[in-house]
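Visitor: I'm new to looking at protein models. Could you walk me through this one and explain the words as we go?

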Amino acid sequence: MSEQQGLGIGTDEWVAQHEKRLARRSGLLGILDLLNQKVSPAIRYGILGVAAIAFGLFVDDFYLQRIAANLGVFLILTLGLNVVMGFAGLLDLGFVAFFGFGAYAYALTSSGHLNQHWPTYLSVPAIVIVTAFLGYLVSLPSRRLFGDYLAIVTLFFGQVFIQLIISSDSITFPGNEESTDITGGSNGIPGLDPFVLFGYKFKGAADYYWLLLVILVFLIIAIIRVDRTRVGRAWKTVREDSLASQAMGIKVNNLKMLAFIVGAAIAGLAGTIFAGIQNSVFINGFDMPLLTLIYAAVILGGSGSIPGSILGAFVMSVLPEILRVQNYSEILFLSVLILTIAVLGKSWKKFAFNIALVVLIGFLVKVIVSALNIATTPAATWAIAPVSKALQHWLVIPQSRLLWGNIGFVLLISLIAYYSIAKEKIKFYLLPLITYVAIFVWEDRLVIEPNTTRQLIIGMLLVVLMIVRPQGFLGKTRVEVL
Amino acid sequence: MLEFKKVTMQFGALKSVSELDITVNKGEIVSVIGPNGAGKTTLFNVVTGIYTPTEGDVLLEGKSIAGKDPAIINRLGIARTFQNVRLFLNMSVIENVMAATYAQTKSNIFSSALGLPSSRREEREVRARAEELLSFFGTRLTGYRWEQPAYSLSYANRRRLEIARALATNPKVLLLDEPAAGMNPKETQEITEVIERLRTEKDLTILVIEHDMHVVEGISDRVIALDHGVKIAEGDFDSVATHPDVVEAYLGKGSADRK
Ligand SMILES: Nc1ncnc2c1ncn2[C@@H]1O[C@H](COP(=O)(O)OP(=O)(O)OP(=O)(O)O)[C@@H](O)[C@H]1O
Ligand SMILES: [Mg+2]
């Protein structure tokens, strides 16, 4: 007979947990929950749309416009991957190759490289269709595969694409002695034509921004509709239980192929616009780092959730930009740290107490250091940005920064490891100590090495999030087997 | 309606089903009984295309379906439930049923994305149909339960939902794998009535695997007993239940208390 699976006969989990659902979580997470329940999707999208239009109208900083346009491209990619991975549950590691294909296809049809200058209204739709077809081809050998196997096969296709682009700079055709340069190899293809639509020639990132906005509005509406109706439901069944799905008359392989094709088409579209914005294409933009970022965005936001994908894309593309500036990165670092304490502390009282303890530890260390006559680094050399300036009377940085930084690093990791197994009571006092050491390591070491720091803080954010909300910001909790 | 011709299903050296001949007539309710490991579920898996029989053939309305794709077999008119209940747990109750209308509906990705009237109409129809199917179980799966995730349902309700989902594929033949497992006596009584109503109201031919002899007695036109993949008895409930081989198969395994 079947296993009873936890639930007693006749009881219903929904009813049994009614009380629990009503009882709101306290602290910061409670407020988040409340916001999540009270603000309707229409309002959220509305606010987002108004903000996006306002940005386009009032921001004329070239740098910001460019970031926004790149964010738009990244958003399209995230939404596309969300279809493949979030809806249909397919681990497609070749996803960026379709993006790259779209970009290269645009470069080849719109530059002096092969002397092709197709009109935009022709090249872009043609490329989207061809990329979709490419997605179909890739899905042919992959359609029977799931999970890890699918991941490996698609990863392979992605790498093949990169190798093809790199090595196609000297191809010898039969009957022609000289080799032809098709893709520009690792030098890429510079000097692309800008988009021209309705007789208007795109001048800069701002023009692409408006185009992206229009595309995104249509894309989001389309994806929401598909998600809610026949095909979207069938995709979900494939993700949930493909055997049961088949037994209900759903042709699982076809649906997987369809998800691939749709994902490829969306990525291809993003590629053409990206090439237009950049004015050039280089192969190293379409490799692992980008793939990781897109996956991080989808997972961070909550796989399968459309608002989640949007939020995830924002975080993952804006965050690295913010972290380039020391002051911003420090503010962000401290905010994440304080947020972590707030979340882990569970109640406001404990939170206040923890913060007070952190402050106390700082002054205590300062007293000890001066009593022991340990040489320190003058504040003027490390307290440069406003935040670290604010900290200079509280934090001490010893003279041999590297040594102490390393010690602090090891201490920090040991403390965190210990924290994960410590008793509740000890945890409470451990948290402020960890916080202090984290701030110390940050100011001592990480500020000097901004690149490492950036990676580290993104990683940290992901780890914290996965602990606190394994389903992502806006994802729904998923039950595997009950 | 459904015919097994010398069906054999072999896993390595083990013959889970061995040279089985069974005929199920239109409108009949046939129960398959037998001790654990007798090959009952394997039989269902062969019919629904999850396994391809090593030998023999399965005919639906005279046409061979053995070895066809499970989705195709479902579309030809055979739907099933699973012994270990395989719902789409993270979808809502009503979505589970709506999803199963996939093969009979037409909206494609473009008509859905554009929100064409045809797609909207179909969506309304599918929803209405799902609501109707769920109301088959009285108030058990109606109203506020529609939007609940399937994982939040009680065990009995999960079994009911699985039946509703199977019905949504518009089958001619319904295969139920232990529909009363894990249900209390009252729920078991209810499911017995439901199975009878399925035949009369939905015009179905039904094949049931069941261990609960009260259910078997209550619903069956005919009972088939399997042991070690071989048919050991066939006939009405009383003759099969008292058949010496059947008694031995159960007693020999020390499972007589199942009754
Ligand atoms: N895929 C498989 N590979 C190998 N052996 C299998 C497979 N499927 C079933 N079997 C074996 O076939 C035999 C019959 O299994 P089956 O599940 O059909 O029994 P059952 O009659 O449904 O029993 P129960 O009452 O426990 O559900 C068992 O010995 C089982 O181990
Ligand atoms: Mg079984």
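**Around ligand 1**

Guide: Happy to. This is a predicted model, and here's a good place to start: a polar side-chain atom of T41(B) lies 2.7 Å from an oxygen atom of ligand 1.

Visitor: What makes that a polar contact?

Guide: A polar contact needs a pair of N or O atoms within 3.5 Å. T41(B) has a polar side-chain atom 2.7 Å from the ligand's oxygen, so the pair qualifies. Q83(B) passes the test too: an N or O atom of its side chain is 2.7 Å from an oxygen atom of ligand 1. With G37(B), a polar backbone atom does the job, at 2.8 Å from an oxygen atom of the ligand.

Visitor: How much of the ligand does the protein cover?

Guide: On its own, ligand 1 exposes 630 Å², and the protein buries 65% of that.

Visitor: Which residues come nearest to ligand 1?

Guide: There are 14 residues around ligand 1, and S16(B), K40(B), T41(B), T42(B) and Q83(B) come nearest. By class, that shell has eight polar, four nonpolar and two charged residues.

Visitor: Which elements of chain B each supply at least two residues of that shell?

Guide: β2 (14-24) and α1 (40-47) of chain B do. The largest share, three residues, comes from α1(B).

**Where the chains meet**

Visitor: Why is the pair R86(B) and D241(A) called a salt bridge?

Guide: The rule asks for a side-chain nitrogen of Lys or Arg within 4 Å of a carboxyl oxygen of Asp or Glu. In R86(B) and D241(A), the closest N and O atoms are 2.8 Å apart, so the pair fits the rule. Across the interface of chain B and chain A, the rule finds three salt bridges. The count of residue pairs in polar contact between these chains is 15.

Visitor: Which element gives the largest share of the side of chain B that touches chain A?

Guide: That's α6(B), with six residues. The residues on that side divide into 26 nonpolar, 18 polar and 16 charged.

Visitor: How many residues are in contact between the two chains?

Guide: 60 residues of chain B are in contact with 45 residues of chain A. Between them the chains bury about 4400 Å², with 58% of it on carbon and sulfur atoms. In chain B, N90(B), Y102(B) and I109(B) lose the most area to chain A, together 16% of what that side buries.

Definitions and conventions. Residues are numbered from 1 along each chain as its sequence is written. Chains are lettered from A and ligands numbered from 1 in the order in which they are written. This is a predicted model: local features need pLDDT of at least 70, side-chain atom pairs count only at pLDDT 80 or more; totals for chains, interfaces and linings use all residues. Side-chain values use heavy atoms; hydrogens and water are left out. A residue is near a molecule or strand if one of its heavy atoms lies within 4 Å of it. A polar contact is a pair of N or O atoms within 3.5 Å; within protein, one must be able to donate a hydrogen and the other to accept it, and residues adjacent in sequence count only if both atoms are side-chain atoms. Accessible areas come from the Shrake-Rupley method with a 1.4 Å probe; for residues, only the protein chains shown count as cover. Helices (H or I, at least four residues) and strands (E, at least two) are DSSP runs, numbered from the N terminus. Ala, Val, Leu, Ile, Met, Phe, Trp, Tyr, Cys and Pro count as nonpolar, Asp, Glu, Lys and Arg as charged, and the others, Gly among them, as polar. Contact means heavy atoms within 4.5 Å. Buried area is the accessible area (1.4 Å probe) that two parts lose on being put together, summed over both.
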